[in-house]
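Visitor: I would like a close look at a single part of this structure, and I would be glad if you then worked outward from there. Please take me through the surroundings of one core residue, and then through the pairs and turns that lie elsewhere along the chain.

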Amino acid sequence: MHDREIDQVRATKKPIRGEVPFEGTNGRRIYDYIFVPVIGADGEVEAVAGTTRDVTDRQTMEQELRDAGRKKDEFIALLAHELRNPLAPIRNGLQVMRLAPDDFAAVGEARDMMDRQLSHMVRLIDDLLDISRINRNKMELRRTRLLLADVISSAVETARPAVEEAGHDLVVSIPGSPVYLDADLTRLSQVFSNLLTNSSKYTPPGGRIWLSAEKRRGEVMVSVRDTGIGIPPESLAFIFDMFSQVDRTIERSTGGLGIGLALVKGLVEMHGGTVKAESDGQGKGSTFTVTLPVVAHRSEHAPEAADNGQAIAGSARRVLVVDDNRDGSESLAMMLRLLGNEVRTANDGVAAVGLAESFRPEVILMDVGMPRMNGLDATRRIREHPWGKAIAIIALTGWGQDNDRERSREAGCDGHLVKPVDLPDLEKLLAELLPRKAAG
Ligand code: ADP
């Protein structure tokens with residue numbers, strides 16, 4: 001197959017290398033070759049030596065790497081754009097508050113808008129952290145035996161504002177008899193709220209969404225169906241891939257990153273299930289079906305988390321807020337003071353240990369990464385003292401990796417929250433911690 005090349009080497013007395021496609025029994029393959037002349041004593045070409053190699057697989061792999069690199073670059077551009085979008089309205093809102101501090105209606109409106117934009121941003125970032133955790137096998141599920149109905153109602157509650165805003169009709173039907181799963185409530189409801197939110201996004205206003213569940217032998221199939229824009233058949237295959245969006249203008253206007261479905265797939269698989277997408281095509285609606293293993297029925301319910309009432313709102317706790325970002329610590333302190341607590345702030349670990357000793361807080365919200373002394377070392381110092389044992393110390397980080405949780409637990413923290421702190425999360429954690437701490 002290389003006669004032409006060999007002739008050329010003979011004629012030119014120069015080595016050549018190159019690639020040729022070859023149609024063989026294994027289909028189309030690519031070979032690379034290198035031929036060099038063997039020159040005799042008389043200066044003539046005595047022979048031609050060379051090698052050829054099948055490089056099809058290597059080339060395919062290189063192409064895949066290039067594609068992945070390009071996708072990542074595109075994703076970073078998209079990410080920067082999506083993260084910047086909410087900033088303009090937030091800054092405008094601040095300006096409104098500055099210009100018209102006494103116009104309560106305007107201030108209220110600006111505040112609600114800022115809250116919405118900020119929540120959107122937090123959601124994007126949470127999704128990113130989640131998908132990176134899944135991809136690095138760092139996601140930890142807190143599995144318990146729970147009812148499918150609880151998962152669905154939590155998902156519906158999350159997705160309802162989006163569904164209602166778009167004027168869709170949502171119909172939920174699940175089996176009358178209880179279906180038990182061994183699952184992480186938060187993570188699994190995230191799966192269904194993502195699917196419901198997508199159906200809501202990709203369905204023109206006034207559409208219909210059905211969420212239905214059907215129990216089969218050993219498993220339950222939960223499907224989310226909509227009357228939306230549908231998915232072209234050629235896109236169905238890659239819709240669950242990270243960063244993938246169907247090439248339509250609508251995706252650009254919905255403010256997504258193209259990781260929602262990758263997250264859905266990752267979380268479902270971690271629960272031992274599968275997910276598939278179906279659509280009859282453009283404008284024909286879509287159906288996403290999640291299949292999950294069910295666990296045997298058990299008559300007694302898992303004990304509900306006790307409702308201990310309010311732990312921090314209106315209960316005048318002594319709280320120390322530690323954060324080297326002064327705006328971060330001051331704003332959190334302000335919020336806690338408005339809720340009736342006595343609050344002090346410190347901006348590094350050394351100051352935190354000193355204030356903990358003089359102020360004797362019941363609760364410390366401790367940032368981890370700080371100059372002078374980090375939050376984990378400060379926690380260790382505080383725990384060395386007899387007065388330091390009864391304090392509920394909650395680590396705050398911007399990075400909710402699971403090994404961070406472990407490290408903060410080892411350092412003596414009682415709990416771990418990811419910034420920005422969500423008041424209900426803090427309440428929930430303290431409601432659990434404070435009685436335990438008080439009991440010693
Ligand atoms: P995002 O919604 O952020 O773009 P997702 O990973 O959630 O990312 O979804 C990937 C793509 O799948 C979307 O961009 C959209 O094109 C398509 N898609 C998802 N759900 C639906 C649906 N219910 N109907 C039509 N298209 C959908």
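Guide: Contact here means heavy atoms within 4.5 Å, and the model to which that cut-off is applied is a predicted one. With that in hand, the part to start from is L195, which, once its neighbours within four places in sequence are left aside, is in contact with V224, L261, V264, F288 and V290. L195 also belongs to the largest nonpolar core, a set of 49 residues in which L181, V191, F192, L195 and V220 touch the most other members. The element that gives the most to this core is helix α5, residues 148-165, with seven residues. A second core, separate from this one, has 22 residues and includes A346, I364, M366 and W387.

From the nonpolar cores we can turn to charged pairs, of which the structure holds 25 in the form of salt bridges. Side chains of opposite charge can pair when their charged atoms come close. One such salt bridge is formed by the side chains of R29 and D54, at 2.9 Å from N to O. Because R29 lies in strand β2 (residues 27-39) and D54 in strand β3 (residues 45-54), this pair ties together parts that are 25 residues apart in sequence. R29 is buried, with a relative accessible area of 19%, whereas D54 is partly exposed, with a relative accessible area of 34%. The pair does not stand alone, since R29, D54 and D57 are linked in a network of salt bridges.

Another salt bridge brings together the side chains of E342 and R318, with 3.4 Å from N to O. Here too distant parts of the chain are linked, with E342 in strand β12 (residues 342-346) and R318 in strand β11 (residues 318-322), 24 residues apart. E342 is partly exposed at a relative accessible area of 37%, and R318 is partly exposed as well, at 27%.

The side chains of D367 and K419 meet in a further salt bridge, at 3.1 Å from N to O. D367 lies in strand β13 (residues 363-367) and K419 in the loop between β15 (415-418) and α14 (423-438), so this pair ties together parts that are 52 residues apart in sequence. D367 counts as buried, at 4% relative accessibility, while K419 is partly exposed, with a relative accessible area of 29%. K419 deserves a second look for its backbone, as a cis peptide bond with omega of about 0 degrees joins K419 and P420. P420 itself lies in the loop between β15 and α14.

Most residues other than glycine have a negative phi, and most peptide bonds are trans. Against that background, N137 has a phi near 55 degrees, a positive value in a residue other than glycine. N137 is placed in the loop between α4 and β4 (144-147), and is exposed, with a relative accessible area of 70%. R360 likewise has a positive phi, near 50 degrees, and is found in the loop between α11 (349-359) and β13, where R360 counts as partly exposed at 40% relative accessibility.

The loop that holds N137 follows on from α4, and this helix brings us to one last packing. Helix α3 (residues 87-99) and helix α4 (residues 104-135) pack at an angle of about 155 degrees, with their axes 9 Å apart, which makes α3 roughly antiparallel to α4. The crossing of α3 past α4 is left-handed, and the contact is made by residues including L87, I90, L94 and M97 of α3 and A110, M114, L118 and M121 of α4.

Key
Residues numbered from 1 in each chain as written. Predicted model: local features only at pLDDT ≥ 70, side-chain atom pairs only at ≥ 80, totals over all residues. Heavy atoms only, no water. Core = buried A, V, L, I, M, F, W, Y, C linked by side-chain atoms within 4.5 Å. Buried < 20%, exposed > 50% of the residue type's maximum accessible area, 1.4 Å probe, protein only. Helix = DSSP H or I, 4+ residues; strand = E, 2+ residues; numbered from the N terminus. Salt bridge = Lys/Arg side-chain N within 4 Å of Asp/Glu carboxyl O. Axes fitted to C-alpha atoms, helices over the stretch in contact; angles between N-to-C directions. Parallel < 35°, antiparallel > 145°, perpendicular 65-115°, else oblique. Left-handed = near helix turned anticlockwise from the far one by under 90°.
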